[in-house]
Amino acid sequence: MSTANFTVADYLLWRLKQFGLDKVFQVPGDYVQEFMTALDNFPGIDAVGDVTELGAGYAAEGYARYRGIGAVSVQYGVGTFSVLNAIAGAYVERNPVVVISASPSASNRVDIEETGVLFHHSTGDYSADKKIFENVTVASEILADATAAPSIIDRALQLAMSEKRPIYLEAWQNVWGAPCNKPDNDLVIELPASEPPAMAALLEKTISRLEKAEKPLVLLGIEVARLGIQAQVESLLCHLNVPYTTSTLAKSVLSETQGVGKELFIGTYAGEASWPETFDFVKERDCILALGMIFTDDYLTMLDKQGTNLIRVNMGEARVGKCERISGINLAQFIGDLVEYIKQTPRQQHTQCTIPKNSYLNTPIHDSDKITYDNFFVTYQQQLVRSQHVQDLNLILGESSSLYMAARLTGIEKNRFVSDAAWGSLGHETGCSLGTGLANPRRSAVIAGDGGFMMMCQTLSTISHNKLNTVVFVMSNQVYAIEQSFVDICAFTPSGEFAPFDKLHHWNYEALAKAYLVEYLNVENVEDLNQAFSTINANQDKSYLIKVNLNKKDLAPAIKDLAEAITGTQVENCPCSSEKGNNDDRTMQ
């Protein structure tokens with residue numbers, strides 16, 4: 001590409017390519033046409049068109065989970081506002097995504113000033129998009145001048161990569177295609193160094209608590225993956241020789257199948273939704289070192305009852321106990337310094353404890369059993385043990401009953417579990433799988449609730465168009481089960497009634513699969529499910545929509561445990577909860 005033809009759009013693409021990005025997800029628009037044209041002509045980065053802006057945003061976010069950065073290009077106003085939800089999730093879960101847009105040109109703005117005309121897709125406040133994205137990005141910028149654009153782009157990208165969060169770049173329509181100079185060097189990303197007094201104080205307090213503890217535990221969060229410091233964490237665990245767990249969001253941050261990751265892993269901790277053995281184990285710990293952890297309200301029990309025993313170390317800050325905060329902390333540096341101290345200092349040996357076992361492996365099921373949440377995941381666990389194809393899958397989960405059930409699986413290889421567990425957006429998983437499928441050579445398998453799938457089913461069209469081999473399991477019970485469990489868990493008893501707003505429409509999934517040009521399978525019982533795995537394993541190049549027929553009264557055990565703890569209502573105490581009857585009202589299609 002000659003310097004004479006080099007534009008502001010090329011400058012951004014050049015920088016993105018430097019960071020390893022080779023796909024930009026997009027929905028077209030006239031304002032952003034100059035950027036899209038540059039993208040079409042730029043070597044090494046491909047445009048991936050999606051059918052919805054939200055889906056494109058989810059895909060960019062999923063892509064970023066494996067490539068370290070993602071990008072989505074959308075139309076001003078109608079596109080940016082639609083993609084906002086995906087970017088908010090990326091912000092909460094520390095995932096750098098670049099949102100690229102464009103707004104009325106310099107000449108348009110003269111017309112606006114002189115005539116008061118309202119240009120299409122605008123609210124009348126021509127900085128509205130920028131203002132909105134300021135809430136969910138670390139940089140929200142309008143590029144109004146080609147000369148200044150490169151420095152603004154560089155500064156925004158440095159923030160995105162150092163803080164692992166999204167940025168918003170909106171150019172006036174004439175600016176993306178305006179000429180500018182080509183970058184003359186690579187953009188250096190430096191993470192803020194720790195402040196020595198702060199680091200010294202934190203290390204002292206951490207070491208003191210660890211040395212006094214009789215039952216220590218390490219809790220790993222998603223920032224460990226975002227920073228790519230798994231090797232340092234494994235070294236720490238080896239030298240500490242204490243058990244560890246992960247949040248649901250950070251599940252598979254270390255391999256659960258080999259090395260220290262397997263030997264010391266007690267199962268994923270998701271509050272009361274954890275395996276009871278894991279939950280009981282964690283609640284007995286007298287010192288919990290939480291590294292890179294995002295604490296959502298799933299972890300309120302721990303924060304309330306064990307807050308004084310917590311040492312929380314994150315990107316930029318730490319918290320010791322419930323009250324003491326320490327700023328100016330580099331998480332990677334803290335782990336490295338702690339390892340060095342432990343290596344040089346004799347330590348007491350903690351009494352070896354029994355690591356909780358995965359109960360899925362001990363649950364008996366039969367081929368003729370109708371599918372339930374429980375035996376679906378028992379079967380998945382069995383497939384994990386015996387099938388290399390299943391072990392190789394990237395498992396994609398969104399906000400659903402299945403997310404909490406899947407968190408109970410063990411034997412997941414490093415970085416194979418992807419979820420939206422902190423932001424919790426219905427529909428995320430299917431859209432996300434487009435990005436994971438294009439960012440990573442391994443096959444993506446989605447397990448979605450039918451409520452979430454209905455929000456983002458159009459992604460199957462883009463998956464098919466791009467010839468991906470994605471597998472989408474839809475857990476079809478025709479209700480928002482996770483919502484209902486927190487509204488009124490008694491609805492799941494034989495005489496209970498679901499709230500009208502939690503009942504879903506009837507869909508013909510087989511016809512939908514045909515429309516989107518993907519293969520279709522129907523699962524009624526355990527034998528069907530095992531056969532479905534055999535089919536997809538034998539057809540590695542095909543994409544599948546698999547309908548898993550559930551009784552709407554089937555309450556996922558993990559959700560039952562969590563909902564009962566949160567609401568204070570036990571299913572066994574619901575009116576008429578002991579009534580018997582045939583409630584298998586699943587719909588055959």
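How many nonpolar, polar and charged residues does the lining of the second largest pocket have? By class, this lining has eleven nonpolar, seven polar and five charged residues; Ala, Val, Leu, Ile, Met, Phe, Trp, Tyr, Cys and Pro count as nonpolar, Asp, Glu, Lys and Arg as charged, and the others, Gly among them, as polar.

The model is predicted, and totals for linings use all residues, whereas local features need pLDDT of at least 70 and side-chain atom pairs count only at pLDDT 80 or more. Residues are numbered from 1 along each chain as its sequence is written, and side-chain values use heavy atoms, with hydrogens and water left out.

The largest pocket (an open set of points on a 1 Å grid over the protein atoms alone, where a 1.4 Å probe fits, with protein on both sides within 12 Å along at least five of seven lines) has a volume, the space filled by probe spheres set on the points, of about 510 Å³. Its lining (residues with an atom within 4 Å of a point) comprises 24 residues, and Glu256, Thr257, Lys262, Thr410 and Gly411 are the closest to the pocket centre. Eight of the lining residues are nonpolar, nine polar and seven charged. Helices (DSSP runs of H or I, at least four residues, numbered from the N terminus) contribute here: H11 (259–263), H15 (373–386) and H16 (388–391) each supply at least two residues, and H15 gives the most, with three.

The second largest pocket holds about 370 Å³ of space. Of its 23 lining residues, Arg65, Tyr66, Ala225, Arg226 and Asn415 lie nearest the centre. Two or more residues of this lining come from each of helix H3 (53–67), helix H9 (223–227) and strand S14 (417–419), a strand being a DSSP run of E with at least two residues. H3 gives the most, with four residues.
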